[in-house]
Amino acid sequence: MLSNHLQNGMETAKLLWSRLPTSDAEGQDGVGIGHYKKTDGGTVESLDYEVIENYAYREEQALRGKLYMYYSVCVKWFFALLIGIGTGFAAVFINISVENFAGWKYSLTFNIIQKSYFAGCIIYILFNLALVLSSVYIITHFAPAAAGSGIPEIKGYLNGIDTHGILLFRTLVGKIFGSIGSVGGGLALGKEGPLVHTGACIASLLGQGGSTKYHLSSRWLQVFNSERDRRDLVTCGCAAGVAAAFRAPVGGVLFALEEVTSWWRSQLMWRVFFTSAIVAVVVRTAMGWCKSGKCGHFGSGGFIIWDVSDGQEDYSFMELLPMAVIGVIGGLLGALFNQLTLYITNWRRNYLHKKGNHIKFYCSSKMEYNDLATIFFNTQDDAIRNLFSAKTIHEFSAQSLLTFLVMFYALAVVTFGTAVPAGQFVPGIMIGSTYGRLVGMFVVSFYKRLNIEEGTYALLGAASFLGGSMRMTVSLCVIMVEITNNLKLLPLIMLVLLISKAVGDAFNEGFYEEQARIRGIPLLESRPKYQMRSMTAKDACANQKVVYFPRVVKVSDIVSILRSNMHNGFPVIDHTRNGETLVIGLMLRSHLLVLLQSKVDFQHSPLPCDLRGGSLPIRHNLSEFVKPVSSKGISLEDIHLSRDDLEMYIDLAPFVNPSPYIVPEDMSLSKVYNLFRQLGLRHIFVVPRASRVIGMITRKDLLIEEHEHSGAVELQSTSVRGQKHDKRIRKRNTDGEQPLLDGLLV
């Protein structure tokens with residue numbers, strides 16, 4: 001009975017919530033397979049994480065031995081080292097720049113304001129305006145893809161969606177300098193999200209050998225030619241960004257695992273952990289160097305951002321109720337923040353973008369300070385340090401905290417979505433710690449106990465708002481523990497995170513999921529929709545018209561088909577001697593464009609070439625077929641073909657993927673969804689039910705054993721069957737019978 005009432009209440013809340021204005025990013029039609037319409041008029045494209053095992057790939061793999069495999073593994077670890085070092089230095093540069101700009105700004109403002117309040121306000125406004133406008137100029141004229149936090153786009157990339165421009169060199173430069181301007185200008189946003197994007201850009205540029213456009217490339221770095229390897233590097237970059245932003249290496253690893261990546265394995269875990277550890281060493285070393293005062297206005301720093309280890313030692317059972325209330329408040333305010341941000345961003349797109357110290361502010365005595373100015377006229381890091389501070393009961397008045405909460409909440413909602421790099425971690429901590437400290441003040445006055453710290457409730461409020469907005473749990477919990485250096489608060493942080501996430505989930509999706517949807521990034525979530533259980537693979541592709549290519553095709557026919565549709569994958573068929581149609585593989589649009597541009601595979605004869613015996617020369621390097629990251633690649637308009645070229649033929653057999661993933665037409669769509677997402681696929685063939693079975697593979701058929709003396713490698717099941725077969729032959733020969741062969745792998 002209670003569960004029914006609870007379910008009805010949640011459904012009613014969702015119904016009321018759905019009446020608020022939301023994005024109109026859904027319902028876009030008229031887009032070809034492999035493309036998805038974005039709300040700004042552009043398109044995003046799926047990535048090819050699947051290995052294309054064509055003739056050229058197999059010939060190249062045959063030339064490589066174990067030495068190359070060891071070399072590839074060493075290069076991956078070396079790149080992980082470079083990603084950690086690069087991201088660490090980028091984070092240090094951004095932090096030092098922001099702190100120095102803020103120091104100059106506040107120093108100049110307070111010196112002038114002692115003489116003239118009006119002149120001080122004008123200087124403060126002009127200083128902030130100059131920094132913010134510089135960030136806006138960088139984004140609008142140089143690197144449009146650097147706007148926002150970048151986390152939704154990176155999450156989409158790791159989910160298999162490539163958004164143009166998000167990982168380019170100019171995006172990296174725009175993200176770094178744009179973050180300095182926007183954060184240093186005092187906007188209600190942070191640099192933590194942009195640092196995740198920065199780390200991903202550094203990783204991507206290393207993976208493709210640099211930037212050829214700006215002549216910053218190195219051939220010896222151009223080792224990885226597959227999107228799968230680049231995806232692993234970008235995952236390392238994301239973890240490095242979080243580790244650099246919060247100086248929380250373990251939190252960075254868990255953030256990459258929980259929030260951004262859709263595919264994970266143990267080998268990648270080790271490299272991500274290694275990258276985060278390198279970032280921690282770089283940041284720690286830089287902070288130690290800054291302690292000598294060589295970094296200007298930058299403080300002494302340290303590995304922990306907001307150390308509350310000397311705070312509240314213990315808590316009573318009676319305090320769990322107000323702590324749970326903090327979780328509920330965080331869930332409600334976080335969900336409201338997501339919805340308002342979505343509404344403001346959508347409105348802005350449709351109507352505007354269609355084309356740690358106390359502050360003395362007007363105090364009568366040197367022993368006084370202005371608590372509201374202490375929060376406003378400080379960097380966000382220092383303001384949070386003041387809110388988290390222990391042994392500071394009655395340091396802030398309830399009126400000042402409430403005023404700041406309302407104003408900063410409204411500013412954060414309005415600011416996010418503007419044309420500047422914007423992170424939401426630190427603003428979320430600011431909002432949550434403010435109302436958390438308010439609740440702490442109430443608890444102190446109600447229970448009248450000396451061991452209750454308002455800073456503890458500020459920390460829990462920060463965790464609750466981030467949990468209610470971003471819906472992260474494990475990674476966020478570890479990050480909060482690492483940045484506060486207080487393991488005793490772990491159970492309380494877990495409690496408020498669970499409550500805030502549950503409350504927020506009752507109303508809408510997480511912050512990054514909502515932002516990805518409004519940007520037109522079609523993320524595949526971890527679980528398929530419930531309705532897919534009653535649908536089949538045939539239902540999903542019932543309205544599609546499959547466009548085929550014959551094995552040997554005329555160049556003019558290729559050009560005509562590519563111009564008439566926007567499909568990115570085409571089945572290639574051939575005919576047997578009996579006239580039966582046979583699907584021989586999958587041909588990608590990007591590979592066809594490479595063949596048309598190179599022209600080296602054009603032939604006069606419409607007859608197929610002979611692939612047996614390895615007699616076909618390899619005219620292409622595998623790197624030629626790899627599309628540069630976040631770029632549009634080759635387009636049909638870039639290719640110039642003469643009339644004679646159009647009359648030539650191409651044999652597609654050496655370039656097709658001969659082993660694409662295939663599912664029967666009656667497979668449930670939920671199983672297809674899981675297969676598609678977990679393997680990072682771009683295309684799946686849907687075929688009728690198979691008429692015969694040539695074998696069956698079980699677990700033991702996939703186990704490989706190596707002989708100690710000969711060094712030969714064979715499948716374990718083959719070895720076992722061989723032993724059984726030898727015994728059967730000897731027995732049957734003894735009985736005078738002929739040996740029989742096994743025909744089924746079991």
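**Figure 1. Burial of F416 and F511 in the predicted model.** In this predicted model, F416 and F511 are both buried. F416 and F511 belong to one aromatic cluster, whose other members are F337, Y409, F465 and Y512. A search of the whole structure returns 18 aromatic pairs, and two pairs drawn from the residues of this cluster are described here and in the next view.

The ring centres of F416 and F511 are 4.8 Å apart and their planes meet at 70 degrees, so this pair is classed as edge-to-face. The contact links distant parts of the chain, since F416 is in the loop between α14 and α15 (425–447), F511 is in helix α19 (residues 511–518), and their positions lie 95 residues apart in sequence.

**Figure 2. The aromatic pair formed by Y409 and F465.** How are the rings of Y409 and F465 arranged with respect to each other? Their centres are 6.3 Å apart and their planes stand at 80 degrees, which is over the 60 degrees required, so the pair counts as edge-to-face. Because Y409 is part of helix α14 (residues 398–415) and F465 is part of helix α16 (residues 454–470), the pair ties together parts that are 56 residues apart in sequence. Y409 has a relative accessible area of 11% and is buried, and F465, with a relative accessibility of 1%, is buried as well.

**Figure 3. Charged side chains placed over tyrosine rings.** The charged end of R231 sits over the ring of Y49, at 4.3 Å from the ring centre. In another part of this view set, K105 lies over the face of Y106, its distance from the centre of that ring being 5.0 Å.

**Figure 4. The largest cavity and its lining.** The largest cavity holds about 50 Å³ of space. Its lining is made up of 12 residues, and those that lie nearest the centre of the cavity are N95, A244, A245, R247 and M287. Which helices each supply at least two residues of this lining? They are α3 (66–113), α8 (227–246) and α10 (266–290), and the largest share, 3 residues, comes from α3. By residue class, the lining of the largest cavity consists of 7 nonpolar, 1 polar and 4 charged residues.

**Figure 5. G184 in helix α6.** G184 is found in helix α6, which spans residues 169–184, and is buried, its relative accessible area being 2%. The C-alpha atoms of G184 and L131 are 6.7 Å apart in space, although 53 residues separate G184 from L131 in sequence.

**Figure 6. Positive phi values at R471 and K599.** Most residues other than glycine have a negative phi. R471, which is not a glycine, nevertheless has a positive phi near 65 degrees, and this residue lies in the loop between α16 and α17 (474–484). K599 likewise is not a glycine and has a positive phi of about 65 degrees; its place is in the loop between α22 (589–598) and α23 (643–646). Are these two residues buried or partly exposed? R471 counts as buried at 8% relative accessibility, which is under the 20% cut-off, whereas K599, at 31%, counts as partly exposed.

**Figure 7. Overall setting of the close-up views.** The protein has 746 residues, 49% of which count as buried, and its secondary structure comes to 25 helices and 14 strands. Its accessible surface amounts to about 36800 Å², with 60% of this area belonging to carbon and sulfur atoms.

Note on methods: Residues are numbered from 1 along each chain as its sequence is written. Side-chain values use heavy atoms; hydrogens and water are left out. Rings of Phe, Tyr and Trp (its six-membered ring) pair if their centres lie within 6.5 Å; planes under 30 degrees apart count as stacked, over 60 as edge-to-face and the rest as tilted. Helices (H or I, at least four residues) and strands (E, at least two) are DSSP runs, numbered from the N terminus. Buried means under 20% relative accessible area, exposed over 50%, partly exposed in between (1.4 Å probe, protein chains only). A charge sits over a ring if NZ of Lys or CZ of Arg is within 6 Å of the ring centre and within 35 degrees of the ring normal. On a 1 Å grid over the protein atoms alone, a cavity is a set of points where a 1.4 Å probe fits but cannot get out, and a pocket is an open set with protein on both sides within 12 Å along at least five of seven lines; lining residues have an atom within 4 Å of a point. Grid points are joined across faces, edges and corners, and a volume is the space filled by probe spheres set on the points. Ala, Val, Leu, Ile, Met, Phe, Trp, Tyr, Cys and Pro count as nonpolar, Asp, Glu, Lys and Arg as charged, and the others, Gly among them, as polar. Accessible areas come from the Shrake-Rupley method with a 1.4 Å probe; for residues, only the protein chains shown count as cover.
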